[in-house]
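Student: Could we go through this structure and ask what justifies each label put on it?

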Amino acid sequence: MTTEARRRTAVLALLAFAMLIVSLDQYIVVVALPEIGRGLGYSTQTLQAVISAYAVASAGFLLLGGRASDLLGRRRVLVAGLTLYAVGSLLGGLAPTPVVLLVARAVQGLGGALVFPSTLALINTTFPEGPERNRAVAVWGGTGAAGLVVGVLLGGVLTQGLGWEAVFFVNVPLAGLALLLAFVLIPADRGREAGRRFDLPGALTAALGITLFVFALVQGPNLGWASPGVVASLAGAVVALAACAVIERRGRDPLVPPHLLRNRNLATAVAMAFMFWATFGSVLYFLTLYFQDVRGYDALGTGVAFLVPTVVVVAGSLFAGRAATRWGLRPTLVVALAVGAVGALALGLAMSPDGSYAALIPGLILMSVGDGISFTVIFIAAGVGVADREQGVASGITSTSTSIGAAVGLALLVLVADAGTAGLTGDSLRVATADGFRTAVFVIAGGIAVTALLALNLRPAPEPARRVQPSCPRGVTAPE
């Protein structure tokens, strides 16, 4: 292995590690929620805000983080994101009141919004398009997808053994290590390209609009869709996004270059990323509640229950790069999503009030195969045909779509799951809750099938350019 190959391998390991840290937090806190509620005095109605604070802050600034990585430097943005993430995690572990914890979660979300797009942009600019990039994104995607389910397991272990504060403190040394390695392994950023501007008004109005929109979606089920806060947030989101559209149309260097939106693979990947998180991303939420509220698992037992899907997701993600290279983006995604839809259907059928864990395993395995492969290949597709100078904003657009999809999907699915539980208590509530979760997972299966149809819109990735030797007169040897 050459020196350059070793350097790129080390950079990939660091970026995958950074992605793992951010992904862990998506669900590491979910398992600890009951303990957090008891420790800080959250009510049942306000406890969900611990998750919402991260989701809202992250969604609003992903696009800004992607654009900043293109213009200000990808290493600078990654370092800033890891720093914010570590500070937010430390503050969360030390939080004495619910308000301080919500502020800490928002800081974590902002850090994640900088780390996510900058890591993907660094991979797409470090590895050339084709098999090398496919393998690299597979490693990155594998750690990201695994982090979602590993977070549930780790959250259970830490909460059971050390208390809820540990799910925050664990991030501090991890983010600190990644921060130090970033200075060692990633080359310093170059100066800003002449003539390119940040478009701060467009970035701020976009961030405000997306933040308000996601806040309304997340809080709608709790506050009521007709509540003043939700209605005001939706109205503010419309105004801010309309202002952003006007600013972007008139800007010389817009936040999202118009030609990027005409990239068929990127546009399709953005739509699929939305659907992926609205479906696959919501399953972990319902499974976690199913294990705890219906089956009575404790935090550790819930974490252990996710061991099977964790292993399968990692294996599927690592296989995804080779599959995309061998069979192409479209066939790989269509098959993976079809497998995932069948898995969701099988999982829903097995989610009964008193069913065994063994009955869930076939559905968990099939869903995890589809999850791991689809997650990785969607992000491979998002980088196809995008110039290096715009990989950051392309990553930001795609990752923003995932956050909005997660908020929209969960808001709608919670309504479906809770439809038959009003006024019930005791065992009747437990049975109705299981029925609601089953119905929600059936809806998820249909959503995954729709995502497979979207994959048919993808175009094959172009073949890597091959160097052609110049022709020479007979008897003359071409120079080496």
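The dialogue below takes the labels in turn, from the overall fold to single side chains.

Tutor: Keep in mind that this is a predicted model.

Student: What is the secondary structure of the chain?

Tutor: The chain has 17 helices and zero strands.

Student: Why is the chain called as compact as a globular protein of that length?

Tutor: Its radius of gyration is 22 Å, and the globule rule gives 23 Å for 480 residues; the two values are close, so the label applies. The C-alpha trace spans about 90 × 45 × 40 Å along its principal axes.

Student: How much of the chain is buried, and how much of the accessible surface belongs to carbon and sulfur atoms?

Tutor: Buried residues are 55% of the 480. The accessible surface is about 19800 Å², and carbon and sulfur atoms hold 68% of that. As for contacts with a separation of 6 or more, 85% join residues 24 or more positions apart.

Student: What makes up the largest nonpolar core?

Tutor: That core has 102 residues, and Leu 78, Trp 140, Phe 286 and Leu 347 have the most contacts inside it. Helix H11 (residues 264-294) supplies the largest share, 17 residues.

Student: Which residues does Leu 78 touch?

Tutor: Leaving out residues up to four places away in sequence, Leu 78 touches Leu 15, Ala 18, Val 115, Ser 118, Thr 119, Leu 122, Ala 182 and Ile 186. Contact here requires heavy atoms within 4.5 Å. Apart from the largest core lies another, of 17 residues, including Val 30, Leu 40, Val 50 and Leu 101.

Student: Why is Val 157 called partly exposed?

Tutor: Buried means under 20% relative accessible area and exposed means over 50%. Val 157 has 41%, so the residue falls in between and counts as partly exposed. Val 157 lies in helix H5 (residues 131-162).

Student: Which residues make a nonpolar surface patch with Val 157?

Tutor: Leu 300, Val 304 and Leu 307 do, and the patch comes to about 290 Å².

Student: How do you know that Arg 7 and Glu 4 meet in a salt bridge?

Tutor: The cut-off is a side-chain nitrogen within 4 Å of a carboxyl oxygen. For Arg 7 and Glu 4 the N to O distance is 3.0 Å, so the pair qualifies. Both residues lie in helix H1 (residues 3-40), three residues apart, about one turn of the helix. Arg 7, at 30% relative accessible area, is partly exposed, and Glu 4 is partly exposed at 40%.

Student: What makes the pair of Glu 132 and Arg 8 a tie between parts apart in sequence?

Tutor: Their side chains meet in a salt bridge of 2.9 Å, N to O. Glu 132 is in helix H5 and Arg 8 in helix H1, so the pair ties together parts 124 residues apart in sequence.

Student: Are Glu 132 and Arg 8 buried or partly exposed?

Tutor: The boundary is 20%. Glu 132 has 31% and is therefore partly exposed, whereas Arg 8 has 18% and is therefore buried.

Student: Which other salt bridges can be named, and how many are found in the whole structure?

Tutor: The search of the whole structure finds eight. Among them, Arg 74 and Asp 70 meet at 3.0 Å, N to O, and both residues are buried. Asp 354, Asp 427 and Arg 430 are joined into one network by salt bridges that share partners.

Methods: Residues numbered from 1 in each chain as written. Predicted model: local features only at pLDDT ≥ 70, side-chain atom pairs only at ≥ 80, totals over all residues. Heavy atoms only, no water. Core = buried A, V, L, I, M, F, W, Y, C linked by side-chain atoms within 4.5 Å. Buried < 20%, exposed > 50% of the residue type's maximum accessible area, 1.4 Å probe, protein only. Helix = DSSP H or I, 4+ residues; strand = E, 2+ residues; numbered from the N terminus. Patch = residues over 30% accessible without salt bridge, like charges linked within 9 Å, V, L, I, M, F, W, Y side chains within 5 Å. Areas by Shrake-Rupley, 256 points an atom, 1.4 Å probe, with all protein chains shown as cover. Rg over C-alpha atoms; globule rule 2.2 N^0.38 Å.
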